Structure formats: structure tokens, C-alpha cells
Amino acid sequence: MILAINNKFNKNGKSSTYYKNNSQPAFGGVEKEFSKITKLSDKFLKSQENLSHTRFIQGTLTNWFPKAVLSRSFIDFSEFTFLEFLESCIFYFAAPFFGENLFKKGLFKSVLPQKVKDSVIKNTAHSIEELKKSNLDKNLKNRILTTKGGILLACITVPALEYALGFAKNLFTLKCFKVSDFNNVANLNKNKTENLEQQKRVETHSKKVLLKSALVSLSGIGAGLVLAATGHKSKAAQKFSEILLEPGANISKLLQKAGLKSKKTDNFLKEYLKLDFNNNNGKLALSKGQLAATCITGLFGYSSAAKDRGKLDYYEVWTRVPLVVLYTIFGSSLLDSGFKKLLASKGKYPELIKKTQEGLIQPVPQRKDLPEIAKKLAAKNNTSFAVEMEKLIKQKTVITGVPYLFSLITMGFVLSAVSRIWTKYRYNHQQKPQQTLNLNKQQLNTGISPVFKGFGLIR
């Protein structure tokens with residue numbers, strides 16, 4: 001289905017966005033002619049069109065599945081399963097859920113005046129740039145801007161939840177299995193002894209962090225409601241909202257003023273430091289900047305929670321999680337870019353991989369754009385639409401799937417295996433001095449000097 005989109009605003013603030021379905025009659029039902037492999041490939045491609053769904057699948061496969069295969073104990077399996085699925089839900093679905101359903105349609109709508117309520121809510125998904133270019137009333141624009149800022153401020157709940165997740169995991173393991181020592185979780189310690197003082201420390205600290213996270217969330221929601229209700233009257237509040245929503249764009253402007261002009265840098269900052277929601281047909285959708293902020297917050301939460309359970313847990317977090325964070329934020333984009341350059345250099349898939357005049361690789365068309373390309377190719381090559389469509393789906397599956405699978409293997413199994421090997425090595429390295437000390441004590445207790453025994457004087 002090809003959607004021709006026309007975005008305009010009328011003076012009442014109601015979006016006149018309309019979707020023109022100009023191809024469904026010609027293309028409907030063509031999927032029935034596809035092979036089973038093509039149908040599966042098509043489902044995979046469609047899942048890639050939504051950032052939340054794409055990253056959820058990638059994150060779960062990359063982080064949970066390899067750990068499940070390489071799990072060190074039932075406790076280890078239970079706690080990372082608890083962690084990974086909750087974490088994936090927070091990463092990829094919490095911000096859209098809170099922003100769209102709980103805040104936009106609920107709390108924030110209730111603090112707006114009746115006469116502008118519907119107009120403001122209907123336009124909160126539009127970007128700042130779109131609002132500036134619209135012909136809306138100036139006061140209404142300000143209300144939309146500060147409401148957007150308020151909703152985002154309230155969404156501090158999401159990184160707060162992510163920071164607290166590591167502590168919630170510690171409590172889960174302690175309450176369900178009576179275990180707080182990471183050596184026992186990872187099945188490193190043979191005697192499985194537990195330190196009661198450590199258990200108390202883990203429980204107390206975890207509960208404190210969970211309480212603080214709840215208070216931070218409530219503070220963010222309260223501040224956001226105030227900003228939405230009164231911010232339109234203050235230029236400072238409007239500027240604050242603009243910077244909060246798009247810090248990357250504002251940093252880019254400062255760099256340009258300083259004479260540092262780079263299109264690549266500007267695009268990167270605008271994409272990965274954009275905290276505003278993406279617009280998904282008028283609904284608030286996850287942006288890459290929001291995902292990055294939540295992931296980085298989670299890293300420091302895990303680090304702090306790991307300290308409570310021992311040095312080995314802390315070291316394992318910093319061995320593995322920073323790389324997982326980078327992968328979660330960027331996905332397989334770096335590999336994807338390199339793979340597309342390789343295909344372009346060999347002249348592969350010219351209908352999908354094209355270069356700009358500057359020699360840069362253009363974005364590969366999305367799944368929803370393929371029918372229109374297939375229609376043109378069918379007319380050009382005197383073939384059927386179904387044949388061309390199936391060929392394009394297979395080509396795009398290769399372009400998307402190869403970096404995806406490579407990332408799964410390297411970031412999933414290899415990283416999980418390496419981190420576990422390092423943890424085992426560190427544990428054994430720590431045990432050597434203690435084992436030597438115990439041996440010396442045992443020899444002294446029997447009246448035999450380890451020095452004499454070392455020289456072979458006593459056998």
C-alpha cells in the first residue's frame with residue numbers, strides 16, 4: 001500500500017492530514033502468489049518498519065536467547081529472564097505507552113482549557129519544525145509546544161524505571177531464591193554460603209532506589225503538568241520546551257555558529273539526540289534519542305545494583321553492558337551501512353541501493369514503498385507485478401537480514417560467552433590467594449613448615 005501524505009493545518013489547529021490510498025486495488029491479494037520463504041521474509045521486513053517492534057525483537061534475541069543457551073544456573077536463568085523481558089518492554093514500549101495513552105489522552109488533556117483541548121492534543125505528534133511552518137494561531141502553537149515539553153518531562157518515568165530495574169532484579173532473586181551473592185547466582189561458589197549482612201544491604205539499598213525512582217517519576221509528571229498548563233505564557237518555558245524536545249538540533253545550531261559545519265554531524269545529532277516523539281500517523285512513537293537516554297540510564301543503574309552483589313557482578317556489567325547499550329541504540333546500523341556500501345560497489349540491487357551525486361548511499365526504500373517500485377519495473381521489463389514484488393522483497397531481505405543476523409551472532413552468543421569466561425577467570429584468579437592462605441594455615445596447624453616442604457626437606 002502506498003500512502004500519499006499531505007500535512008496541513010487549519011486555523012482551528014485541526015490537522016488536515018489525509019492518506020490517499022492510490023494503489024491498493026491494483027496490488028491487493030498479490031501476497032497469495034508469494035512462496036512461503038517470501039511470505040516469511042515479507043513479515044520480517046514489515047516488522048522492521050516500526051522502531052519499537054524492530055528493536056524489541058533484536059534486543060530480545062540478542063540479549064535473552066544467547067544467555068538462555070549459556071545460562072549458568074536456574075537462578076541465573078530466572079533473573080535474566082525477569083530482567084530482559086521487563087527491560088525490553090521499558091526500552092521499546094514504555095515511552096509510547098506513557099506518552100500517548102496515559103499522558104496525552106489522559107492527564108495532560110485534563111489540564112488544558114476546553115476551547116483548545118482537542119486542537120492541542122491532535123497536534124502534539126507534529127514536530128517543532130512542522131509547528132513553526134504551520135498557519136496555527138501563535139498562542140495555540142505555544143500551548144502545543146509546552147504541552148509536548150510537559151509530556152516529555154513526565155516521561156522521565158521511563159528512564160527512572162530502567163534505572164531501578166537492576167535493583168528490582170536483585171530483590172526478585174533475594175526474595176525468590178534467598179540469594180544475594182553473585183558468585184552463587186553464577187554457580188561459581190561450590191559451598192553456596194550466603195552473607196546475611198550482604199542480604200540486608202541488598203534489600204535496604206534496593207528498596208531505597210525503588211522509592212527514589214517513584215518520587216522522581218511523580219516529580220516529573222507534576223512538573224510536566226505545570227509546564228503544559230501555564231508554560232504558554234512564558235518565553236523561557238517555551239524555549240526550555242524546545243531545547244528539551246530537540247537538544248541535538250540546538251547543539252547543531254551552536255556548532256554552526258562556532259564555524260563547525262558538517263552535514264553528517266548535524267544529521268547524527270538531530271537523529272540520536274532528539275528526545276521528542278516520532279510521529280506515527282498522529283500517535284506518539286519512540287524516537288532514537290529516547291531509546292538512547294533510557295539505555296544509558298540503565299547502564300548506570302545496573303552498575304550500581306551490581307556493586308551490592310559483589311565485584312564480579314560489577315565487572316561483568318562493565319564488560320558486557322556498554323557494548324549492549326551501543327548495539328541497542330544503533331542496532332545494526334553500522335554493519336548495515338558497510339554492507340550496503342559493499343553491495344553498491346558490486347552493482348547489486350540497483351533498484352534499492354542508489355547513490356547521491358556526492359557518492360553517498362541513499363536510504364533503502366521502506367517495505368511500504370516497494371509496490372510502487374515493482375509496478376514501474378513490471379511495466380519496464382514487461383513482467384508481472386507479483387514477480388517484481390517478490391524479487392524486491394528478497395533483495396531487501398538480504399540487505400536488512402545479513403547485518404541483523406551477524407549482529408545477533410556476534411553481540412549475542414560471542415559477547416555472552418566471552419563475559420562468562422572472563423567472570424569465571426576472575427573468580428578463579430581471586431580464589432588462588434585464598435587457597436594458598438588456607439593451605440599454609442593447614443600446614444602450620446600440622447606443625448609442618450611450608451618453607452621446608454617447598455625445599456623438599458619434608459616429604
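Here are three short exercises, with worked solutions, on this predicted model.

**Exercise 1.** Find where the pLDDT drops under 50, and see how many contacts the model has there.

*Solution.* Start with the whole chain: its mean pLDDT is 84, and 84% of the residues reach 70 or more. Now look at residues 1-27, where pLDDT stays under 50. For that stretch the model has 58 contacts beyond four places in sequence. Then go to residues 448-459, where pLDDT is also below 50. That stretch has 9 contacts beyond near neighbours in sequence.

**Exercise 2.** Work out whether F77 is buried, partly exposed or exposed, and list what it touches.

*Solution.* First, place the residue: F77 sits in helix α4, which covers residues 74-110. Next, take its relative accessible area, 27%. Buried means under 20% and exposed means over 50%, so F77 at 27% is partly exposed. Leaving out residues up to four places away in sequence, F77 touches W64, A68 and S71. As for K67, it's 10 residues from F77 in sequence, and the two C-alphas are 7.6 Å apart. Finally, check the rings: ring pairs join F77 with W64, F80 and F85 in a cluster.

**Exercise 3.** Describe the geometry of the aromatic pair F65 and F413, and say which helices it links.

*Solution.* The model has 18 aromatic pairs by the ring rule. In the F65 and F413 pair, the centres are 5.8 Å apart and the planes make an angle of 90°. Planes over 60 degrees apart count as edge-to-face, so that's the label for this pair. Now trace the chain: F65 belongs to helix α3 (residues 51-69) and F413 to helix α18 (residues 385-445), 348 residues apart. Last, check exposure: F65, at 39% relative accessible area, is partly exposed, and F413, at 28%, is partly exposed too.

Key. Residues numbered from 1 in each chain as written. Predicted model: local features only at pLDDT ≥ 70, side-chain atom pairs only at ≥ 80, totals over all residues. Heavy atoms only, no water. pLDDT = per-residue confidence, 0-100. Contact = heavy atoms within 4.5 Å. Helix = DSSP H or I, 4+ residues; strand = E, 2+ residues; numbered from the N terminus. Buried < 20%, exposed > 50% of the residue type's maximum accessible area, 1.4 Å probe, protein only. Phe/Tyr/Trp six-rings, centres within 6.5 Å; stacked < 30°, edge-to-face > 60°.
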